[in-house]
Amino acid sequence: MSRRPLVALAGVALAGSVLVAAPAEAATYGVTLDLSKVKADVGQKIGLSGKVTGSKSAKKKLSVQYRLGNGTWKTVKTVTTSSKATYATTFTVKTAGDAGLRVVAPKSGSTKAGTSPTKTFAGYRWLWLTQQSHYVAGAMFIDSPNMVEGKDRPRTIDLGSEGSSASITWNLQEKCDTSDITVALNDQQNPASEQVYYETNDGGATVTATNGARTPANGVSSSSEYLTFRRGSTTRDVLMVSPRVHCKVNELPRVSF
């Protein structure tokens with residue numbers, strides 16, 4: 001008598017066997033995050049908002065976490081979701097630089113902790129050029145007060161007197177997106193006007209400094225690697241009046257040639 005092989009049909013259990021169901025995968029909280037802006041000055045606030053999905057996500061405490069650059073995440077505040085599982089809060093920018101924010105919903109019962117996608121932003125601050133590292137060729141007076149338009153202007157740079165050329169350079173390293181710089185002549189000086197040249201790797205321009213008035217001398221952009229102001233050997237008494245740049249660093253790096 002021949003024996004036939006025993007074949008198990010798909011979906012049919014053999015006699016004496018036990019079917020074991022695969023364990024269900026634990027649920028995880030879903031967290032969304034939107035920022036009100038991706039660029040803000042130190043001291044300004046960024047709005048955060050989003051929604052949480054998952055078991056008991058209404059009235060749930062969340063952790064707002066921050067990191068500077070690629071540093072360590074730190075919890076900076078907590079926020080509670082609404083009855084509709086939404087949330088809204090603010091974060092105050094405390095330092096310049098590229099940074100990230102995220103929101104974490106902690107584990108609750110069988111629901112795993114969930115983390116929002118990381119949202120990045122840039123913190124900026126205004127830097128007085130008179131207080132930043134620079135390179136000087138020639139003689140000039142840094143951070144000297146001068147009278148312009150009838151007012152004593154602090155943080156002024158006097159590019160020097162006639163007789164030799166002079167220049168001053170700052171290392172921006174593509175960290176600054178704009179500037180607030182004017183040129184002028186001291187109210188007490190004799191020339192009616194003088195010319196001064198500024199340049200960055202983006203280009204440059206000749207600006208006329210006028211006695212008793214301030215003339216814009218801007219040209220910094222987010223791709224500027226350096227900023228230089230230069231006067232010729234026949235130019236005299238040109239002032240950079242309270243010059244400053246808007247940057248995502250707390251201080252400019254040293255200039256090296």
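Two strands are said to pair if DSSP finds at least two bridges between them. By that criterion, β16 and β19 pair in the antiparallel sense, over three bridges. This report describes a predicted model, beginning with its overall make-up and continuing with its sheet, its cores and its disulfide.

## Overall make-up

The secondary structure of the protein consists of 20 strands and zero helices. Of its 257 residues, 39% are buried. The protein exposes about 14300 Å², and carbon and sulfur atoms supply 49% of that area. Contacts often span long stretches of the chain: among those between residues at least 6 apart in sequence, 73% join residues at least 24 apart.

## The five-stranded sheet

An open sheet is formed by five strands in the order β11-β14-β19-β16-β17, with antiparallel pairing. Its edge strands, β11 (135–137) and β17, each pair on one side only. On average, neighbouring strands of this sheet are turned by 15° against each other, direction ignored. In general, strands of a sheet pair through backbone hydrogen bonds, either parallel or antiparallel.

The table lists strand pairs of the protein, including one formed by β12 and β13.

| Strand pair | Sense | Bridges |
|---|---|---|
| β14 and β19 | antiparallel | six bridges |
| β16 and β19 | antiparallel | three bridges |
| β16 and β17 | antiparallel | eight bridges |
| β12 and β13 | antiparallel | five bridges |

Individual residues show how these strands are aligned. Ala 166 stands opposite Arg 231 in β19. Tyr 197 has partners in two strands: Arg 230 stands opposite Tyr 197 in β19, while Thr 206 is the bridge partner of Tyr 197 in β17. Strands β16 and β17 also form a hairpin, with two residues between them.

A further hairpin is made by β12 and β13. Strand β12 covers residues 141–148 and strand β13 covers residues 151–158. Ser 144 has Thr 156 in β13 as its bridge partner. Two residues lie between the strands of this hairpin, and Glu 149 takes a positive phi near 55° there.

## The nonpolar cores

In soluble globular proteins, nonpolar side chains tend to be buried together. The largest nonpolar core of this model has 27 residues, of which Trp 170, Leu 227, Phe 229 and Leu 252 touch the most other members. The elements that give two or more residues to this core are β14 (166–171), β15, β16 (193–200), β17 (203–210), β19 (226–231) and β20.

Trp 170 illustrates the packing. Leaving aside residues up to four places away in sequence, Trp 170 touches residues including Leu 129, Ile 157, Met 240 and Val 255. Its contacts also include Leu 227, Phe 229 and Leu 252, which are named with Trp 170 as the core members touching the most others. Gln 132, Ser 133, His 134 and Glu 225 are likewise among the residues that Trp 170 touches.

A second, separate core has 20 residues, among them Ile 46, Val 52, Val 64 and Phe 91.

## The disulfide

A disulfide is a covalent bond between the sulfur atoms of two cysteines. The structure holds one disulfide, formed by Cys 176 and Cys 247, whose sulfur atoms are 2.0 Å apart. The pair links distant parts of the chain: Cys 176 lies in strand β15 (residues 176–185) and Cys 247 in strand β20 (residues 238–247), 71 residues apart. The link is right-handed, with 95° about the S-S bond. Both Cys 176 and Cys 247 are buried. Strands β15 and β20 are also among the elements that give two or more residues to the largest nonpolar core.

Definitions and conventions. Residues are numbered from 1 along each chain as its sequence is written. This is a predicted model: local features need pLDDT of at least 70, side-chain atom pairs count only at pLDDT 80 or more; totals for chains, interfaces and linings use all residues. Side-chain values use heavy atoms; hydrogens and water are left out. A disulfide is a pair of cysteine sulfur atoms within 2.5 Å. Helices (H or I, at least four residues) and strands (E, at least two) are DSSP runs, numbered from the N terminus. Buried means under 20% relative accessible area, exposed over 50%, partly exposed in between (1.4 Å probe, protein chains only). A nonpolar core is a set of buried Ala, Val, Leu, Ile, Met, Phe, Trp, Tyr and Cys residues joined through side-chain atoms within 4.5 Å. Contact means heavy atoms within 4.5 Å. Accessible areas come from the Shrake-Rupley method with a 1.4 Å probe; for residues, only the protein chains shown count as cover. Axes are lines fitted to C-alpha atoms, for helices over the stretch in contact, and angles run from 0 to 180 degrees between N-to-C directions.
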